[in-house]
Amino acid sequence: MVGRSAEFFRSTVLSELHALLTSKACREHAMLCPSILLDSSCSRYSDVQYHEAGYDSYVSGVVLIHICHLVARQTMSSYDTAATSWPKICHMTEIYMNCVNMIRCSVYHINVAGPDPNSCRPWLVLTSRTLWGKISQEEVMEALSSSDFLDVEMNGSSRCLIAAGTEKGARRIESDFANHPDYAVCPYTAPLLPPASAPMLWFGAVGVSAVAALYYLHKTGRVSLAW
């Protein structure tokens, strides 16, 4: 949500979210909000009964409809005074269909009817501040004990990769380790070349250096080369 619509999502508590989305301020912001009325046979739910399964399901449906209406209104001109059609409101939910929300996982949701999204967790790399210094996963986990949910994977003897739970969590880790005496943390950038190419680059660099050294010695007369 952007703009003023964001103020109606200050809380994710169901009762508070329902109160915000059905408030007079929200009705004035999103014109022609849908009217949702209980059938006479469901009069038992006319009174607030949070944490009762049927009532919570009803309120969740009301919240979903109001959210879809807000999203639909954002795609329309502010001068459009026509009521938002029910098919257009339903269309706002298509991208979420068959998706199950995941908390503190490598993805925000899984799709039970199609491919899952790519991992969106921010990655950091932690290294030792001392030359040739070695680190252990246990020491790193202890240093990160006050941080949010994360995963740690060793990537050699002197560095490890950290998968933070959220962007906010990643920024907090960077801030916490900005002046750490033993470890340095920065965002991780995946290598552009596969690991198998590293030996080829190393031997190529050594070969070029050797040729350059021989050429220098030949030019200075220290070594005689027969071409």
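In what follows, Ala, Val, Leu, Ile, Met, Phe, Trp, Tyr, Cys and Pro count as nonpolar, Asp, Glu, Lys and Arg as charged, and the others, Gly among them, as polar. With that in hand, let us walk through the structure, which is a predicted model.

Start with the overall layout. The protein chain contains seven helices and six strands. If you follow the sequence from its beginning, these elements come in the pattern α-α-α-α-β-β-β-α-β-β-α-β-α. The chain has 227 residues, and buried residues make up 24% of them.

Now turn to the strands. Four of them form an open sheet, and its order is β4-β5-β3-β6, with antiparallel pairing. At the edges of this sheet you will find β4 (150-154) and β6 (183-187), each of which pairs on one side only. Neighbouring strands here are turned by 25° against each other on average, with direction ignored. For a closer look, pick out strand β3, which covers residues 123-128 and is joined to β6 by five bridges. These two strands run antiparallel. One place to see the match is V125, which stands opposite C186 in β6.

Next, let us visit the largest pocket. Its volume is about 670 Å³. Of the 16 residues that line this pocket, F9, L64, I67, V71 and Y96 are the closest to its centre. Which helix gives the most to the lining of the largest pocket? That is helix α3, residues 53-74, with five residues. Using the classes from the opening, the lining has 10 nonpolar, five polar and one charged residues.

Helix α3 also takes us to the aromatic rings. A pair of aromatic rings is described by the distance of the centres and the angle of the planes. The structure holds two aromatic pairs. In one of these, Y50 and Y55 meet edge-to-face, at 5.2 Å centre to centre and with 85° between the planes. In another, Y55 and Y58 form a tilted pair, at 6.0 Å centre to centre and with 55° between the planes. Y55 and Y58 both belong to helix α3, where they sit three residues apart, about one turn of the helix. Taken together, the ring pairs link Y50, Y55 and Y58 into a cluster.

How are the members of this cluster placed with respect to the surface, buried or exposed? Y55 has a relative accessibility of 5%, so it counts as buried, because buried means under 20% relative accessible area. Y50 is partly exposed, with a relative accessible area of 24%. Y58 is partly exposed too, and its value is 25%.

Finally, two loops hold residues with a backbone feature worth a look. Most residues other than glycine have a negative phi. H51, however, has a positive phi of about 75° although it is not a glycine. You can find H51 in the loop between α2 (24-29) and α3. The relative accessibility of H51 is 77%, so this residue counts as exposed, since the cut-off for exposed is over 50%. The other example is N98, a residue other than glycine whose phi is positive, near 65°. N98 lies in the loop between α4 (86-91) and β1 (99-101). With a relative accessible area of 40%, N98 is partly exposed.

Conventions: Residues are numbered from 1 along each chain as its sequence is written. This is a predicted model: local features need pLDDT of at least 70, side-chain atom pairs count only at pLDDT 80 or more; totals for chains, interfaces and linings use all residues. Side-chain values use heavy atoms; hydrogens and water are left out. Two strands pair if DSSP finds at least two bridges between them. Helices (H or I, at least four residues) and strands (E, at least two) are DSSP runs, numbered from the N terminus. Axes are lines fitted to C-alpha atoms, for helices over the stretch in contact, and angles run from 0 to 180 degrees between N-to-C directions. On a 1 Å grid over the protein atoms alone, a cavity is a set of points where a 1.4 Å probe fits but cannot get out, and a pocket is an open set with protein on both sides within 12 Å along at least five of seven lines; lining residues have an atom within 4 Å of a point. Grid points are joined across faces, edges and corners, and a volume is the space filled by probe spheres set on the points. Rings of Phe, Tyr and Trp (its six-membered ring) pair if their centres lie within 6.5 Å; planes under 30 degrees apart count as stacked, over 60 as edge-to-face and the rest as tilted. Buried means under 20% relative accessible area, exposed over 50%, partly exposed in between (1.4 Å probe, protein chains only).
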